[in-house]
Amino acid sequence: MSNLSRLLQEIKDNPVMYIDKPSITCLHSLLNGYLSSLSHLGFTQEGYATEGFHEWMQERAKTKVSQSWAGIILFLCSSERNAFYSFFELFEKFLKQKDDSKIQESEDVLRLRQDLRFRQFDIYNEILSGIKKRPGMFLGTSSITKLDMLLRGYSLGRKEVGVPPTEPEREFEGFQSWVQEKYGIKSGQSWSKIILFYSIDEHEALQKFFELFEEYLDRNKSLEVDENIG
């Protein structure tokens with residue numbers, strides 16, 4: 001079983017662990033981050049299984065709209081939850097119809113783990129700056145929840161192939177506790193849910209995230225300066 005197949009099975013069995021709830025939108029964003037991470041590291045094999053799925057869904061739904069496969073499934077179903085579970089049935093049918101040469105599992109990923117010199121792609125500098133300017137290009141819509149899932153998927157992909165987190169990635173790990181402290185929240189809610197709770201909608205929450213994240217980074221720099229002076 002490939003890493004992607006195993007991950008999908010785990011998400012299906014325990015969606016709360018990965019995406020907080022059964023949601024096709026959250027699943028889509030997580031997979032985008034996950035496959036993007038592996039692609040940037042040179043692990044292109046993992047993404048092959050999903051190639052053509054969007055077109056297959058368009059043909060199945062008899063539509064040419066530019067909606068993502070997640071958007072099409074959600075349109076065909078009555079809720080995010082139903083769409084989430086429908087995805088696994090549809091994706092299984094899709095894989096069965098694909099040519100065997102395209103869906104066969106490969107050991108290349110395992111070999112690359114030892115042979116590849118990983119590219120130090122810094123999502124927190126390169127992608128976040130791009131999302132801030134053009135959120136629709138990266139997320140589809142201005143949504144803090146989609147951003148959270150994208151980042152989760154990206155970090156998950158790096159961890160699965162044994163790539164240590166970059167310095168900015170480690171720094172981001174403290175953002176959760178910082179947001180909790182700032183808002184006086186002691187529950188286990190994610191930073192995205194906390195910010196969303198104190199915002200009007202997903203769009204405003206995303207804008208607020210960038211303001212808070214900049215404040216968080218400035219605070220860390222100030223602490224570093226104080227430590228150096230001391």
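**Close-up A. The lining of the second largest pocket draws on several helices of this predicted model.** Helices α2, α11 and α12 (167–172) each contribute at least two residues to the lining of the second largest pocket. Helices here are DSSP runs of H or I with at least four residues, strands are runs of E with at least two, and both are numbered from the N terminus. With six residues, α11 provides the largest share of this lining. The lining has 19 residues in total, and D148, L151, R152, S155 and K159 are the ones nearest the pocket centre. A pocket is defined on a 1 Å grid over the protein atoms alone, as an open set of points with protein on both sides within 12 Å along at least five of seven lines; a cavity is a set where a 1.4 Å probe fits but cannot get out, and lining residues have an atom within 4 Å of a point. The second largest pocket has a volume of about 480 Å³, where grid points are joined across faces, edges and corners and the volume is the space filled by probe spheres set on the points. By residue type, its lining comprises nine nonpolar, four polar and six charged residues. Ala, Val, Leu, Ile, Met, Phe, Trp, Tyr, Cys and Pro count as nonpolar; Asp, Glu, Lys and Arg count as charged; the others, Gly among them, are polar.

To find your way around, note that residues are numbered from 1 along each chain as its sequence is written, and that side-chain values use heavy atoms, with hydrogens and water left out. Because the model is predicted, local features need pLDDT of at least 70 and side-chain atom pairs count only at pLDDT 80 or more, while totals for chains, interfaces and linings use all residues.

**Close-up B. S190 sits in a loop and touches D20, D148, R152 and Q176.** The loop holding S190 runs between α13 (175–183) and α14. S190 counts as buried because its relative accessibility is 12%; buried means under 20% relative accessible area, exposed means over 50%, and partly exposed lies in between (1.4 Å probe, protein chains only). The contacts of S190 leave out residues up to four places away in sequence, and a contact means heavy atoms within 4.5 Å. One of these partners, D20, belongs to the loop between α2 and α3. D20 has a positive phi near 75° although it is not a glycine, and at 23% relative accessibility D20 is partly exposed.

**Close-up C. Helix α3 is mostly covered by its surroundings.** Spanning residues 24–40, α3 reaches 24 Å from its first C-alpha to its last, close to the expected 24 Å; that expectation is 1.5 Å times one less than the number of residues. Twelve of the 17 residues in α3 are buried, among them I24, H28, Y34 and L38. Their cover includes α1 (3–13), α2 (15–19), α5 (69–76), α6 (80–97) and α11 (144–160). Just after the helix, G42 adopts a positive phi of about 95°.

**Close-up D. Two residues of helix α1 can be paired with distant stretches of sequence.** L4 belongs to α1 and is buried, with 3% relative accessibility. The C-alpha atoms of L4 and Y34 are 9.0 Å apart, although 30 residues separate them in sequence. Q9 is also found in α1, and its 36% relative accessible area makes it partly exposed. Between the C-alpha atoms of Q9 and F88 there are 8.7 Å, while the two residues are 79 apart along the chain.

**Close-up E. Helix α4 (residues 53–61) has a buried set made of F53, W56, M57 and Q58.** These buried residues pack against α5 and α6. Just after α4 comes K62, with a positive phi of about 55°. K62 is not a glycine, its place is in the loop between α4 and α5, and it is exposed, with a relative accessible area of 76%.

**Close-up F. Confidence varies along the protein chain, from helix α8 at the lowest to helix α14 at the highest.** The measure is pLDDT, the predictor's confidence in each residue, from 0 to 100. Helix α8 (residues 108–115) has a mean of 39, and helix α14 (residues 191–197) a mean of 96. Please read residues 103–121 with this in mind: their pLDDT is below 50, and the stretch has 35 contacts in the model beyond near neighbours in sequence. For the protein chain, the mean pLDDT is 83, and 82% of residues reach 70 or more. The chain contains 15 helices and zero strands, and 41% of its 230 residues are buried.
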